[in-house]
Structures are given as C-alpha cells and as structure tokens.
Amino acid sequence: MDLDVKKVAFVKIGDFLRQFATNEFIRNNDVCHNDRFYCEFEELINSSVNYNGWFTREQVINSISSWADALTKENLEKWTSQYDFEKEPLKKVGLILAGNIPLVGFHDFLSVLMSGNIALVKMSSNDQKLLPFLSNYLVEVEPKFADRVVFVKGKLEDFDAVIATGSDNTARYFDYYFSKVPNIIRKNRNSVAVLNGEESHDDMVALGKDVFTYYGLGCRNVSKLFVPRGFVFDGFYQGMYEYRDVIEYEKYSNNYDYNKAVFLMSEFKLLDNGFLTIKEDTTYASPISSVFYEYYDDIEEVKTRLANDHEKIQCIVSNNLIDGSIAFGQTQSPQLWDYADNVDTLRFLLDL
C-alpha cells in the first residue's frame, strides 16, 4: 500500500475526531462517512464510563482532542519524512495494549499500519470499544486496511514481532514469553517536574494539567516533584486549585480518602488541600490523588539522578532546567515523533 494512501486515511480519521474534540460536539458535513459513524461515536463517547469507570466523557474527549491535533497532513508528513518506506515488511505484529487511559494504544496501532505491517491487536479489558470503532472507520475510509487489522479475543498466536505494554510484573512474563521474536516491552514509568521556585502562577496551573489529566493514571502524568530545599508550596497549591472539581468524581474521591488515611495511619507528614496530598518521598510512583516531592540542594544533583533513572522516567517537565524537558501542561499532548520510553517504534517496525 502506498504511503500517501495511508497518510490520507489517517488524516481523515483526524478530521472525524475533530468533530468530538470539545465538550460541545460540532458536526462537519464535509467529513466522510458521517452518516454511518457520527451518531454511533457520539453515543460511544457518552457511554464510555459504563465500560471503564475512569473513562469519563471529559477524559475521553481529552484523548480524542489530542489525537485530532496529531493526525494532520503536516504532522504525518513531518513524522514519516525521517524514514524509508520503500518496502512494506508485512509482518504480523502483536500489540498487547494497556487500558489505563482512553486510546492509549493508538500510537502503536498507527505505527504498525503506517510501517506496512499487520496489526494483531489484543485489547485491554479496560478499553475495548474506542480503538475497534476507529479501526472500522479506517477500513471504511480505506478498504485496503481490512486485511491488516485483526482484533484477537483469545491467545495471541502466529506473530512475527510484539509490542507489549504492562506493569513491571507483567513485563517479566512478556520478556520470557516473547523472547524469541523481535519485541518492545514497556514497563512502569512515571513523569516528574523539576521546579526552582521561580515558576509563575500560569506555570503551576499548566502543571496541574500534567498532574490531573486522566486522574493521574497515565505514565505521562506528573507524579513526582523535585524542589529546592526551603521551597514554599503555596504557589503550587494555588495552581492546583484550578482543578478542585476533581474531588467531585466519586472514584477519585474514594482514592483520595483511602490514600490519605493510609498515609496518616503510617504517620507520614503530609501537605493537603482537600483534594490532593503531597508527601516527601524518594520514589517516583505516587498513588492516585497524591504527588511525591523531594528536595534538592543543587540542580546538578537532579540532572544526575534523572540520568541514572532514565529507564523509570517517561517525561520531565520544567522551565528549561533540565535538557530535554518539556513545557508545563504539555505531557498529555505528545507529537507523533515523541515515542514512549524513547524507543523509536516506527524504526523498529520498518526494520522487521
């Protein structure tokens, strides 16, 4: 299949998704196949919480908006321009997808198809509706994809390569089970913010987006702060206050109550604003409704620490304090070329 044909098809998915990228859906009659797919997708978004309690309408729309922004002609051309697509490998690539946030496996799905391979998709039980729907739309837009996507219900078999995402525990199983084929095995990762006390209120509000989007369930959510010794958290909490309505969601509220109680019973010292606790801790993975923090005396110490722990880190957020860090508020808006775990998925797939 010609690369330009693939790009046109995914641009059309972007056009379709753009109708649902804000809280008020805006139907565009120029979008192809709306007569068949628009109302069904609208209903799927509105009912997603019935299939996964964390998939609220707002969070599903947030994911859709991110993908609508990414799937443009300009972005697809920029992304693919760095690679040679002369030959299609046409290998069967097993995709074992996570289900922590809506459409979390879409980039792997996109990469497999753009690279000219066949996707054998094993969905998470927590996210079984959105990707199959968009796959059906893709096939309607470009029927040549019909033989290149298979959703696997039982055991994943007859594959030439695998991309699997899971916890550190499941990764050990994946490493063993898929050791005889080319693979990318993704483990637990977390994102951090490095502050120096000179951040503006707008910076802190943007940081709240990195903390609270998807209720903190994603590897790109900031779960840990590095702050200079003597740092005053007033400005941080003023920024977080913009997201106070998060406590109105029952599942988040239950986690807040539970984790706060566990911390208090363990006599940990906490800072708390009624919907977010912060706790001094040297680890990275904080529970839902909590963010860990750690003091530093010299920014060079933080740079060394993060370099040594790079396999545990997904994103670093700062005002250019750390090389390669991204701006506040941008962790949940990755570009197509921002690969998970810094592993070039498209290069891996093209080289099969």
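The following legends describe close-up views of a predicted model.

Local features are reported at pLDDT of at least 70 and side-chain atom pairs at pLDDT 80 or more, whereas totals for chains, interfaces and linings use all residues. Residues are numbered from 1 along each chain as its sequence is written, and side-chain values use heavy atoms, without hydrogens and water.

**View 1. The open parallel sheet.** The sheet holds 5 strands in the order 3-2-1-4-5, with parallel pairing. Strands pair if DSSP finds at least two bridges between them; strands (E, at least two residues) and helices (H or I, at least four) are DSSP runs numbered from the N terminus. Strand 3 (149-151) and strand 5 (183-186) are the edges: each has a single partner strand, so one side of each lacks a neighbour in the sheet. On average, neighbouring strands are turned by 15° against each other, direction ignored; axes are lines fitted to C-alpha atoms, for helices over the stretch in contact, and angles run from 0 to 180 degrees between N-to-C directions.

**View 2. Strands 1 and 2.** Strand 1 (residues 92-96) runs parallel to strand 2 (residues 118-122), and 5 bridges join the two. Gly 94 has Leu 120 as its bridge partner in strand 2.

**View 3. Helix 7 on the sheet.** Helix 7 (residues 168-177) lies across strand 1, strand 4 (161-165) and strand 5, and runs at about 165° to strand 5. Contact means heavy atoms within 4.5 Å.

**View 4. Cys 315.** The sulfur of Cys 315 is 6.9 Å from the closest cysteine sulfur, in Cys 219, which is too far for a bond. Cys 315 is buried, with a relative accessible area of 6% (buried is under 20%, exposed over 50%, partly exposed in between; 1.4 Å probe, protein chains only).

Technical notes:
Disulfide = S-S within 2.5 Å.
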